[in-house]
Each structure stands twice: as C-alpha cells, then as structure tokens.
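The following exercises concern the model displayed below. Each task is followed by a worked solution.

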Amino acid sequence: MRKVFLLLLLFCVAFPITFSAQPLPIEVFDVTQGKVIKSIPLDEKNKAEALKLVKSTDSLFPKLNPTPKTGFMIKVIFDPAEDVETKVFKQPVTQVIFIFPDAEKPYILIFNEKEQPMFYYFSEDFAPFLEMLGID
C-alpha cells in the first residue's frame, strides 16, 4: 500500500504549488521514465477541457492500487479552486491528476481544498484534451 502512494506523493511533492502571477503549467509525467516529460501552459481552452473531464466523474475507482506501472499522468492545478458538482461529489477542486495507464480505462485523482485525494472514473471523451496538449 505504501508503494501505491509513494509514486503519487513523489509526483505531487516534486512539483509543489508555488504562488505566481501566471497559472502553473499542465505537467505530463511518464510513469515508466519516472519524470515530467512535457510542460504546457494552462490557458482557458485547455482548462475548460480539463474541467469538462472532471465534471464527468461518474464512479469511484475501485482498485486498491491506483498507481499504474506504465502509462502517463497529467497534472492540472486550478487556482483559484473550481466548484465542481457531479453525481458522485460536490466540492471545490484545487488539483487533478488524470491517470492514463496502458491498456486500461483512464481515471482521475482529484484533490479538494483540504488536499484530500479521491480517485474516480470519468466518462467524457478525453481524446480532444490529449490532442490539445499534443499527446499521442
């Protein structure tokens, strides 16, 4: 169980939230390489697309081990927090990590204002978001 959260903790701690006049970039983390491979400026268009995915959360992620062995993760920070209401939760969201494991259904890690992590599946088509970010 510790291994599960160590990778996620490493990802979150290695890239701490800093205060700046400009929005923090979207970061693409390659699980296999264990590092950020791409950084994309957060603009209104990709922020709206990310929020569309967040708002489509429809069920809890049931597995005990949420860390994939292969694939990639995309981290998006919302500053200020975005109020989100779905059929499975209603609360402000400060940070999300979209998790795209190889050969599995993607899911999302959502942090609320209290920095509590929650894992969910989402139903919205993610291809436009990946295309917008230049990810194949």
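Contact means heavy atoms within 4.5 Å. The model is predicted: local features need pLDDT of at least 70, side-chain atom pairs count only at pLDDT 80 or more, and totals for chains, interfaces and linings use all residues. Residues are numbered from 1 along each chain as its sequence is written, and side-chain values use heavy atoms, with hydrogens and water left out.

**Exercise 1.** Identify the residues that Ile74 touches, and place Ile74 in its nonpolar core.

*Solution.* Residues up to four places away in sequence are not counted; Ile74 then touches Ile26, Glu27, Val28, Val96, Ile97, Phe98, Phe100, Phe129, Leu130, Leu133 and Ile135.

A nonpolar core is a set of buried Ala, Val, Leu, Ile, Met, Phe, Trp, Tyr and Cys residues joined through side-chain atoms within 4.5 Å. Buried means under 20% relative accessible area, exposed over 50%, and partly exposed in between (1.4 Å probe, protein chains only). The largest such core has 27 residues, and Ile74, Val76, Val96, Phe98 and Ile110 have the most contacts inside it.

At least two residues of this core come from each of strand 1 (26-30), helix 2, strand 4 (71-85), strand 5 (90-101), strand 6 (107-112), strand 7 (117-122) and helix 3 (127-133). Helices (H or I, at least four residues) and strands (E, at least two) are DSSP runs, numbered from the N terminus. Strand 4 supplies the largest share, five residues. Another core, of eleven residues, lies apart from it and includes Phe61, Ile97, Phe111 and Tyr121.

**Exercise 2.** Describe the start of helix 2 and list the buried residues of this helix.

*Solution.* At the start of helix 2, a side-chain oxygen of Asp43 comes within 3.1 Å of the backbone nitrogen of Lys45. Within the helix (residues 44-54), the buried residues are Asn46, Lys47, Glu49, Ala50, Leu51, Leu53 and Val54.

**Exercise 3.** Characterise Ala103 and Glu104 in the loop between strand 5 and strand 6.

*Solution.* Ala103 has a positive phi of about 60° although it is not a glycine. Ala103 counts as exposed because its relative accessibility is 88%.

Glu104 has 42% relative accessibility and therefore counts as partly exposed. Its side chain makes a polar contact (a pair of N or O atoms within 3.5 Å; within protein, one must be able to donate a hydrogen and the other to accept it, and residues adjacent in sequence count only if both atoms are side-chain atoms) with the side chain of Lys63, at 2.9 Å.

**Exercise 4.** Which peptide bond is cis, and where is Pro80 found?

*Solution.* The bond from Asp79 to Pro80 is cis, with omega near 10°. Pro80 is found in strand 4.
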